[in-house]
Each structure stands twice: as structure tokens, then as C-alpha cells.
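Let's take a friendly walk through this model, one stop at a time. Keep the viewer open as you read.

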Amino acid sequence: MKNNICFIAHRGYSSKFHPNTEEAFLGAITHGSGGIETDVHFTADGVLVVNHNREVRYFDGSEMLIAEHTYDELTEKPLANDHTDTKQYLCTFRRYLEICRDNNMICFIELKGEFSDEDIKRLFTMADEIYDLKRCSLQSFEFENLIKTHEAFPDLQIMLTYGKNCGDYHKCIEHGFDIDAEWKIATPKMVKEFHDKGLKVGLWTANDLVALNYCRALGVDYIESDVFGK
């Protein structure tokens, strides 16, 4: 069993604060996480923002698609917040990076859907300029995103986001990519195969003691959680 597992705050400390907000990211610091996971999107005017879904849900019940609205439009009103009484607004990728940089956190950056070469270049160039690519990691279900990013940034950690019915994970090993797998489908064999090749394994999302203890017993490198920290 690994004793140096790094806990990654999934969308920030998202069991206590509204996910993917500045408040959730700052909460992850005091919670004792070693890193923070987030999802990145482009607004209509090209601003990089963080949000789990493609649409933003607001306190008044309305929604906006991120790609169809400008940053100013998307931040005119506060988000729906079921966690605290504070007003939280859509957070920029820049601010996420600044928080991680100032607190020496690992950045798990997930890309949902396919991203163009230009978008990938801009995103990770910003990450390198504001923080340090050595402290960043790309996750995506889309294998093409992994290939494109690895070609543009060969020193960046690349991880396949892997869940049920995602096919054969061995293509990761063939390309020298790490894996970020759903904890329920991870097996000792899978972990051993990656570790034998010097590759890393992360598991998501361990939110109860059964999941946590299973992840620990597998001896993985990262555990993503909404609840648990170091």
C-alpha cells in the first residue's frame, strides 16, 4: 500500500462549497488536499472559465451555455449555490491557476469534448505562464485530446479519464499515458500494469469510506474526492 497518495479535491472542496468556484478552490487548501481538479471551457469571447457542465446554472433557475455567451454576460448574476450563503460567480481558469500556484497545488485539468489544436495550445500556454506545467495534468475521455496535447506539450502529464464502457485502457500504456479511472472499475491488475511501466494511476471519485479504503488498498498515486483530504 502506498503511503504517499496525493488527494485531489474534485472540483475543489465540493462537498462543502459550490463546485468549481473560487470558494471551493480556497476551501481545498485548508481541507488539506494536495491538488485540485476542474473542468475548462471557452466562452463566446474566448475567456477560459471553469465549470463542470457546458451550461451555467444561476440562483434564479436560469441557465446559459458557456460557448454561446461572453464572459461579461455569464458573470452578470451569481450561480446557484446550494452549499453556502455567499454569492459565487463563474470562476476563470486564470484564477484557478493562481490559487493553485500560490498554494503549490497539483492542477488536474479536465477537457470535456474535443478541443482544437489552437485551444489546447492557448490553454496550456496559459497554465505554463501563470504556474508550471510540471504541476499540471491533463485528463480527458477524448483520446484525441491526449494525443494533441502530448504533441504540443510533451513534458505535460497526460491521463485518460476512464469509466465504465470506455473500452480497452491498454492504449494508454502503449502511448505512455497515465490513467484517471472510476474507482469502482479499478482492479489490482490494472494498477499493477500501469505501475510496472512507471505510469501513474488516479481514481475518482471516492466519497465514502468503502471507496476510500479500496483506493488506498490498491496503492494508487492519486485519489479524487469531494469529501476527503490528506
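**A helix end, a strand and a pocket**

Our starting point in this predicted model is Leu 218, which belongs to helix 8 (residues 209-218). Is Leu 218 buried or exposed? Its relative accessibility is 13%, and because buried means under 20%, Leu 218 counts as buried. Leaving aside residues up to four places away in sequence, Leu 218 touches Ala 186, Thr 187, Pro 188, Val 191 and Leu 203. You can also pick out Lys 192: it sits 26 residues from Leu 218 in sequence, while their C-alpha atoms are 9.0 Å apart in space.

Leu 203 is a handy link to the next stop, since it appears among the contacts of Asp 180 as well. Asp 180 is part of strand 10 (residues 178-182). Here is something a modeller may like to look at: Asp 180 is buried, yet it has no salt bridge. The nearest side chain of opposite charge is that of Lys 112, 9.4 Å away. Beyond residues up to four places away in sequence, the residues that Asp 180 touches include Phe 108, Gln 139, Met 159, Tyr 162, Trp 204 and Glu 224.

Now turn to the empty space. The largest pocket holds about 230 Å³. Which element gives the most to its lining? That is strand 4 (residues 55-57), with three residues: Glu 55, Val 56 and Arg 57 are all found in the lining. Others there include Arg 11, His 18, Asn 51, His 52, Glu 63 and Leu 79. By type, the lining divides into five polar, four charged and three nonpolar residues.

Definitions and conventions:
Residues numbered from 1 in each chain as written. Predicted model: local features only at pLDDT ≥ 70, side-chain atom pairs only at ≥ 80, totals over all residues. Heavy atoms only, no water. 1 Å grid on protein atoms, 1.4 Å probe; cavity = no way out; pocket = protein on both sides within 12 Å on 5 of 7 lines; lining within 4 Å. Points joined across faces, edges and corners; volume = space filled by probe spheres on them. Helix = DSSP H or I, 4+ residues; strand = E, 2+ residues; numbered from the N terminus. Nonpolar A, V, L, I, M, F, W, Y, C, P; charged D, E, K, R; others polar. Buried < 20%, exposed > 50% of the residue type's maximum accessible area, 1.4 Å probe, protein only. Lys, Arg positive; Asp, Glu negative; His and termini not counted. Salt bridge = Lys/Arg side-chain N within 4 Å of Asp/Glu carboxyl O. Contact = heavy atoms within 4.5 Å.
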